[in-house]
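This briefing goes through one protein model, topic by topic. Please look at the sequence and the structure first, then read the points below.

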Amino acid sequence: MVRRNDQRRAALVDAAIEVLAREGARGLTFRAVDGAAAVPPGTASNYFSSRDDLLTQAGARVYERLQPDEATIARQRTAGRDRETYAELMRELVGRVSSFRTGYLALLELRLEATRRPELRTVLTERVRADLAANVAYHEASGLPGDATAVKLLHLALNWLIVEQLTLPDVLCEAERDALVTAAVERIVAQA
């Protein structure tokens with residue numbers, strides 16, 4: 001029987017994210033999650049039907065925690081509609097994602113694990129596809145310059161920039177990272 005204490009479940013999923021980032025997918029066990037969450041042994045197994053269930057919920061939680069807060073969304077809705085504003089929005093995005101280091105590293109571990117687990121690959125594919133479609137729809141509704149292809153190219157380019165920052169942080173300083181984000185927007189997004 002799977003338990004329903006939502007706060008405890010969230011704490012266990014957050015602990016799973018930390019374990020994934022620190023030890024990789026092979027280190028993600030119910031026992032490791034119990035330890036990271038500082039709960040009695042056997043707790044995680046009462047909340048998740050399987051390790052795959054825990055992996056899937058960890059991935060969903062990372063995406064949930066990466067969403068901008070309401071203040072950021074409101075500011076974006078009232079911002080200008082030019083490439084300079086677009087570049088600022090992308091710098092904020094890269095900064096927000098990079099600041100959740102363990103979440104993004106856990107997501108990378110999940111992507112690697114998805115190459116070996118078809119069910120996880122299906123879940124992640126659907127999630128990333130839906131996220132990308134939502135980004136394109138938001139972009140088209142926002143009136144920002146550029147088209148769907150520009151959104152997808154920026155998605156791909158900035159994801160790799162984030163990987164670089166999180167895995168080899170001394171390759172680029174923050175100023176270089178910000179300059180590269182601006183250059184990516186200027187070169188990928190057509191003038192309005």
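Is Arg177 buried or exposed? Arg177 is buried, since its relative accessible area is 10% and the cut-off for buried is under 20%. The model is a predicted one, and the points below start with the whole chain before turning to single residues.

**The chain as a whole**

- The protein chain contains ten helices and zero strands.
- Read along the sequence, its pattern is α-α-α-α-α-α-α-α-α-α.
- Along the principal axes, the C-alpha atoms of the protein chain fill a box of roughly 55 × 35 × 30 Å.
- The protein chain has 192 residues, and 40% of them count as buried.
- Among contacts in the protein chain with a separation of 6 or more, 68% are between residues 24 or more positions apart.

**Regions listed in UniProt**

- An unreviewed UniProt entry lists residues 6-66 as "domain: HTH tetR-type".
- In the model, residues 6-66 are 77% helix and 0% strand, and the C-alpha atoms at the two ends of this stretch are 19 Å apart.
- UniProt also lists residues 29-48, in an unreviewed entry, as "DNA-binding region".
- Residues 29-48 are 65% helix and 0% strand, with end C-alpha atoms 11 Å apart.

**Salt bridges around Arg177**

- The structure holds twelve salt bridges.
- One of them joins the side chains of Glu174 and Arg177, with an N to O distance of 3.9 Å.
- Glu174 and Arg177 are separated by about one helical turn because they are three residues apart in helix α10 (residues 174-188).
- Glu174 is exposed, with a relative accessible area of 53%, whereas Arg177 is buried at 10%.
- The side chain of Arg177 also meets that of Asp178 in a salt bridge, at 3.5 Å from N to O.
- Asp178 is partly exposed, and its relative accessible area is 22%.

**A network of salt bridges, and Glu113**

- Arg51, Asp52, Glu113, Arg116 and Arg117 are joined into one network by salt bridges that share partners.
- Glu113, a member of this network, lies in helix α7 (residues 101-114).
- Glu113 counts as buried because its relative accessible area is 4%, and buried means under 20%.
- Not counting residues up to four places away in sequence, Glu113 touches Ala25, Arg51, Leu55 and Leu120.

**Helices α5 and α6**

- Glu92 and Arg75 meet through their side chains in a salt bridge, at 2.9 Å from N to O.
- This pair links distant parts of the chain: Glu92 is in helix α6 (residues 83-99) and Arg75 in helix α5 (residues 70-78), 17 residues apart.
- Both partners are partly exposed: Glu92 has a relative accessible area of 22%, and Arg75 has one of 41%.
- Gln76 is also placed in helix α5.
- Is Gln76 buried or exposed? Gln76 is buried, with a relative accessible area of 12%.
- The side chains of Gln76 and Tyr138 are joined by a polar contact of 3.4 Å.
- Leaving out residues up to four places away in sequence, Gln76 touches Arg81, Leu89, Glu92 and Tyr138.
- Glu92 therefore appears twice in this group: it is a salt-bridge partner of Arg75 and a residue touched by Gln76, while being partly exposed at 22%.

**Helix α8 and Ala141**

- Ala141 lies in helix α8 (residues 118-142).
- Ala141 is exposed because its relative accessible area is 70%, and exposed means over 50%.
- Ala141 and Ala87 are 54 residues apart along the chain, and their C-alpha atoms are separated by 17 Å.

**Aromatic rings**

- How many aromatic pairs does a search of the whole structure find? The search finds zero.
- A ring can still have a charged residue over it: Arg9 lies over the face of Phe48, at 5.2 Å from the ring centre.

Note on methods
Residues numbered from 1 in each chain as written. Predicted model: local features only at pLDDT ≥ 70, side-chain atom pairs only at ≥ 80, totals over all residues. Heavy atoms only, no water. UniProt positions renumbered as here; feature names shortened; annotations may be inferred. Helix = DSSP H or I, 4+ residues; strand = E, 2+ residues; numbered from the N terminus. Salt bridge = Lys/Arg side-chain N within 4 Å of Asp/Glu carboxyl O. Buried < 20%, exposed > 50% of the residue type's maximum accessible area, 1.4 Å probe, protein only. Phe/Tyr/Trp six-rings, centres within 6.5 Å; stacked < 30°, edge-to-face > 60°. Lys NZ or Arg CZ within 6 Å of the ring centre and 35° of its normal. Polar contact = N/O pair within 3.5 Å; in protein donor to acceptor, adjacent residues only side chain to side chain. Contact = heavy atoms within 4.5 Å.
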